[in-house]
Amino acid sequence: MQTGRYFGTDGFRGRAGEGLTAEHAYAVGRFLGGRFSRASGKKCRVVIGKDTRRSSYMLECSLVAGLTASGADAYIMHVTTTPSVSYITRTDGFDCGIMISASHNAFADNGIKLIGPGGEKLDDGVVAELEDYLDGSGGAFPRASGRDIGASFDYVCGRNRYIGHLISLSACSFKGYKVGLDCANGSAWQIAKPVFDALGARTYVIGCTPDGLNINESGSTRPGRLCALVRERGLDCGFAFDGDADRCIAADECGNVVDGDGLMYILACRLKALGELNGSGIVATVMSNSGLEESLALRGIAMRRTDVGDRFVYAQMAASGAALGGEKSGHIIISKYGASGDGLVTAIKVLEAAAERGVSLSALLGGFTPMAQTELSVPVRDRALPFKRGLADFAEQTARSCGCARVNVRPSGTERAIRIMAEGKELRGCERCVAEIARYIGDIQGCSGEICAE
């Protein structure tokens with residue numbers, strides 16, 4: 001029941017100050033404070049984290065004002081990761097959590113992610129109520145006064161406890177490993193290095209000088225700098241995170257990218273060896289490589305597919321009892337450790353798998369044979385228009401003519417864009433397929449084959 005009026009697959013996201021304003025954030029705070037206080041019959045407690053974007057401070061202040069005006073108490077974790085807010089919401093008994101981040105988007109965008117009391121994405125029914133409230137059709141909440149006005153508290157101790165939790169996750173030392181870390185100038189910049197240092201690794205860190213404007217200039221969506229660092233410094237491996245560190249993409253000892261599919265293969269094989277897959281296999285999305293499904297099947301591991309978005313992955317995991325799920329983009333959920341993707345947990349568990357066996361990351365990928373696959377993101381004004389003009393049928397016809405085994409074309413849940421993926425035996429055919437589909441979208445927008453945005 002994801003309405004999409006304001007909230008997409010990963011929260012309320014938009015250009016800060018335009019599509020997502022301080023007024024929006026204040027209204028979200030007013031709703032959450034009033035809604036959860038009314039439901040529990042007592043003062044609501046909400047924990048808030050943010051990434052390093054300049055606009056995150058503006059939105060944080062507005063959210064706190066809205067929460068306290070509704071009589072809720074706000075606990076501020078400052079710059080931290082989305083997974084840490086999820087972890088603290090669950091372990092410290094908060095009514096809900098809020099993360100201010102646009103994840104992998106550029107600095108000009110921002111977002112508000114809402115987390116339920118169990119650490120999972122907030123229930124869609126509550127989100128629908130919130131969207132009604134933002135539209136002015138959801139009633140009103142009284143303003144608190146006197147002693148009933150909420151308070152705000154510094155809660156950096158929550159982030160510190162999360163760091164301790166991460167350090168406790170590995171059963172072995174990483175001593176002797178040289179590890180590259182790309183923090184994307186985002187939420188992980190004060191967390192990743194202390195964790196891997198404490199676990200014994202020798203760390204080499206990039207993307208750790210945030211200035212409010214440079215978030216995601218490197219990181220999981222741009223792993224080239226990490227791969228170069230691994231090659232130049234002769235590192236054993238590297239891990240790149242996105243702006244709020246719920247994604248992880250790795251580089252092996254040769255500086256080759258290991259995407260989310262590769263990481264899921266490593267983790268699935270390890271969990272099976274430990275007897276922790278529960279016979280339920282893993283959950284992936286429609287964007288995961290068919291080679292992952294086939295390679296896992298050869299090891300006796302089933303793979304279910306779901307729609308793109310870690311909320312859908314977790315829902316399928318919960319329904320099937322799967323211990324592992326994720327996305328090619330690097331959102332990976334290990335149910336033993338939480339209800340949402342956690343890039344740092346993924347990195348720790350992948351390196352632990354290598355350390356326990358005394359092998360390289362590339363050795364852990366033995367038996368994984370991906371098919372050729374190409375992806376392209378096309379900016380659009382209206383995500384629905386191309387589909388109304390027969391885009392889905394055109395994509396299928398183009399895939400057949402280019403010799404592709406599979407094509408997936410979908411509107412992005414986080415940006416005004418259409419994602420195109422083609423898969424087959426030959427990379428050249430996949431590239432031709434996505435290029436022709438992109439041109440078709442451009443023609444629909446009146447761009448004469450050129451892709452246009454605003």
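**Entry 1: helices 1 and 2**

I looked up the contacts between the first two helices and found that Ala-22, Ala-25, Tyr-26, Val-28, Gly-29, Arg-30, Leu-32 and Gly-33 in helix 1 meet Met-58, Leu-59, Ser-62, Leu-63, Ala-65, Gly-66, Leu-67 and Ala-69 in helix 2, where contact means heavy atoms within 4.5 Å. Helices (H or I, at least four residues) and strands (E, at least two) are DSSP runs, numbered from the N terminus. I note that this is a predicted model, in which local features need pLDDT of at least 70 and side-chain atom pairs count only at pLDDT 80 or more, while totals for chains, interfaces and linings use all residues. Residues are numbered from 1 along each chain as its sequence is written, and side-chain values use heavy atoms, with hydrogens and water left out.

Helix 1 (residues 22-40) packs against helix 2 (residues 54-69) at an angle of about 35 degrees, and their axes are 7 Å apart; axes are lines fitted to C-alpha atoms, for helices over the stretch in contact, and angles run from 0 to 180 degrees between N-to-C directions. The crossing of helix 1 past helix 2 is right-handed (the near helix is turned clockwise from the far one by less than a right angle; anticlockwise would be left-handed).

**Entry 2: the sheet of 7 strands**

I traced an open sheet of 7 strands in the order 1-2-6-5-3-4-7, with mixed pairing, taking two strands as paired if DSSP finds at least two bridges between them. Its edges are strand 1 (7-8) and strand 7 (152-154), each of which pairs on one side only. Strand 3 (residues 45-50) runs parallel to strand 4 (residues 73-79) and is joined to it by 6 bridges, and Arg-45 has Asp-73 in strand 4 as its bridge partner. Helix 3 (residues 82-91) packs on this sheet, where it touches strand 3, strand 4, strand 5 (96-100) and strand 6 (109-115), and its direction makes about 170 degrees with that of strand 5.

**Entry 3: aromatic rings**

I searched the whole structure and obtained 14 aromatic pairs; rings of Phe, Tyr and Trp (its six-membered ring) pair if their centres lie within 6.5 Å, and planes under 30 degrees apart count as stacked, over 60 as edge-to-face and the rest as tilted. Tyr-75 and Phe-153 are stacked, at 4.9 Å centre to centre and with 25 degrees between the planes, and they link strand 4 to strand 7 across 78 residues. Tyr-75 is buried at 13% relative accessible area, whereas Phe-153 is partly exposed at 35% (buried means under 20%, exposed over 50%, partly exposed in between, with a 1.4 Å probe and protein chains only).

Tyr-265 and Phe-368 are a stacked pair because their ring centres are 5.3 Å apart and their planes are at 20 degrees. Tyr-265 lies in helix 8 (residues 260-273) and Phe-368 in the loop between helix 12 (361-364) and strand 17 (372-379), so the pair ties together parts that are 103 residues apart in sequence. Both Tyr-265 and Phe-368 are buried.

I also noted that Tyr-75, Phe-94, Phe-153 and Tyr-155 form one aromatic cluster, and that Arg-45 lies over the face of Tyr-75, at 5.0 Å from the ring centre (a charge sits over a ring if NZ of Lys or CZ of Arg is within 6 Å of the ring centre and within 35 degrees of the ring normal).

**Entry 4: the sheet of 5 strands**

I then followed an open sheet of 5 strands with mixed pairing, in the order 9-8-10-11-12. Strand 10 (residues 237-241) and strand 11 (residues 248-251) pair in the antiparallel sense over 4 bridges, and Gly-238 stands opposite Ala-251 in strand 11.
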